[in-house]
Amino acid sequence: IKEELWLALEDVFRGPTADLEIKYETAESGGPCRRCDGNGAVLETVKQGMMILQHQIACPDCNGKGSMYKKKKTKKKTVKVDIPKGVQNNRTINVEGEGHTLPGKLPGDVEVTVKIKHHYMYTRMGADLCCEKAVTVKDALCGFTCQFEHVSGAILKYECKGGVKHNQIKRFKGWGLPQLGGHLGMVGNLLVQFTVVFPLPSTISDGLSDQLKAILTKLEYVKTEPKQKEQFGVGARVLLVNLQNFPELNGKHGIIIAPTERGFAVKLDESGKLISVPLSKLKLADDKKEKVPTAWPLV
């Protein structure tokens with residue numbers, strides 16, 4: 001018997017014993033089919049002229065089932081399923097001896113596949129729990145106090161005095177899920193990602209805007225410079241590096257023509273030769289031959 005059992009994250013944390021209602025087959029009497037001896041198939045002999053042919057067919061007495069029972073019926077019952085702490089999605093739990101109960105056979109088993117329900121607040125990443133927490137600009141700059149309802153039922157209180165950055169992740173050690181298969185007492189962590197929410201522009205009056213400007217201009221900010229994202233693709237100019245088997249090609253420039261299984265096909269500038277180069281042996285060329293305007297007009 002195969003069944004599915006849906007669990008909440010709270011159940012994954014506690015590892016309870018769950019009740020599961022199943023349907024199973026039983027009968028008053030019966031056993032293996034006498035005609036096919038429980039095989040479900042018999043040999044049929046057919047005479048064609050001077051030849052005698054034999055082929056296998058489903059047993060007509062038991063319809064290929066291999067067994068025959070009297071007053072066979074389907075019943076319902078509730079079985080106990082022991083859920084290990086930290087159980088994973090799609091994990092199979094075998095409940096022995098609680099399946100079909102038919103005369104002449106050992107009681108069958110129930111194969112239970114665990115399914116984890118979606119949680120309104122937490123997502124699971126291995127043994128870690130992840131969630132998001134929105135904070136206002138004021139809280140992000142000046143600090144705040146917040147609470148989390150843990151899957152264990154405990155209320156976690158966090159006091160942040162120094163403020164947070166947008167998308168900053170705070171790790172609370174030991175507040176994840178039990179790690180199935182790990183050492184006794186091993187648990188994951190709780191990872192909280194803080195997102196900064198800005199006020200609606202319509203709520204900032206002219207007078208308040210002037211006050212904010214006076215305050216914010218006095219603050220110090222982290223200096224950031226635009227970073228060029230490295231992108232390898234057709235048409236990109238590249239520099240060949242770290243070629244041990246062909247050291248004479250190191251420092252050569254070329255253009256990517258097409259992708260290959262191991263990297264890219266590169267056409268060398270000087271010789272025009274086409275070679276295949278692994279991605280690890282390429283760098284984007286810092287080609288400063290073309291003059292780029294220092295500023296672009298806004299259209």
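Tutor: Helices are DSSP runs of H or I with at least four residues, and strands are DSSP runs of E with at least two, both numbered from the N terminus. By that reading, Asn63 is found in the loop between strand E5 (51-58) and strand E6 (67-70). This is a predicted model, in which local features need pLDDT of at least 70 and side-chain atom pairs count only at pLDDT 80 or more, while totals for chains, interfaces and linings use all residues. Residues are numbered from 1 along each chain as its sequence is written, and side-chain values use heavy atoms, with hydrogens and water left out.

Student: Why does Asn63 count as exposed?

Tutor: The term exposed is kept for a relative accessible area over 50%, buried for one under 20%, and partly exposed for what lies in between, with a 1.4 Å probe and protein chains only. Asn63 has 62% relative accessibility, so Asn63 counts as exposed. Its backbone also deserves a look, since Asn63 has a positive phi of about 60° although it is not a glycine.

Student: What makes Asn167 partly exposed?

Tutor: The relative accessibility of Asn167 is 38%, which falls in the middle class, and Asn167 is therefore partly exposed. Asn167 is found in the loop between strand E13 (155-160) and strand E14 (168-172), and it has a positive phi of about 70° without being a glycine.

Student: Why is the contact between Asp11 and Arg14 called a salt bridge?

Tutor: A salt bridge needs a side-chain nitrogen of Lys or Arg within 4 Å of a carboxyl oxygen of Asp or Glu. For Asp11 and Arg14 the N to O distance is 2.8 Å, and the pair therefore meets the rule. Both residues lie in helix H1 (residues 9-14), three residues apart, which is about one turn of the helix. Asp11 is buried at a relative accessible area of 17%, whereas Arg14 is partly exposed at 46%. By this rule the count comes to nine salt bridges.

Student: How do you know that Lys80 forms a salt bridge with Asp19, and what parts does the pair tie together?

Tutor: The closest N and O atoms of Lys80 and Asp19 are 2.7 Å apart, so the distance satisfies the salt-bridge rule. Because Lys80 lies in strand E7 (residues 73-82) and Asp19 in strand E2 (residues 17-26), the pair ties together parts that are 61 residues apart in sequence. Lys80 is exposed, with a relative accessible area of 55%, and Asp19 is partly exposed, with 48%.

Student: Which accessibility class does Asp139 fall in?

Tutor: Asp139 has 17% relative accessibility and therefore counts as buried. The side chains of Asp139 and Lys138 meet in a salt bridge, with 2.9 Å from N to O, and Lys138 is exposed at 55%.

Student: Why does buried Lys115 have no salt bridge?

Tutor: Lys and Arg count as positive and Asp and Glu as negative, while His and the chain ends are not counted. The nearest side chain of opposite charge to Lys115 is Glu4, at 4.4 Å, so the pair fails the salt-bridge rule. Lys115, which is found in strand E9 (residues 110-116), does have a polar contact of 2.5 Å with the side chain of Asn90. That term means a pair of N or O atoms within 3.5 Å, where, within protein, one must be able to donate a hydrogen and the other to accept it, and residues adjacent in sequence count only if both atoms are side-chain atoms.

Student: What lines the largest pocket?

Tutor: A pocket is an open set of points on a 1 Å grid over the protein atoms alone, where a 1.4 Å probe fits, with protein on both sides within 12 Å along at least five of seven lines, and its lining residues have an atom within 4 Å of a point. The largest pocket has 21 lining residues, with Val137, Leu141, Phe198, Leu216 and Leu219 nearest its centre. Helix H2 (137-142) and helix H3 (206-216) each supply at least two residues of this lining, and H2 gives the most, with five.

Student: How many residues of each class does the lining of the largest pocket have?

Tutor: That lining has 16 nonpolar, two polar and three charged residues, where Ala, Val, Leu, Ile, Met, Phe, Trp, Tyr, Cys and Pro count as nonpolar, Asp, Glu, Lys and Arg as charged, and the others, Gly among them, as polar.
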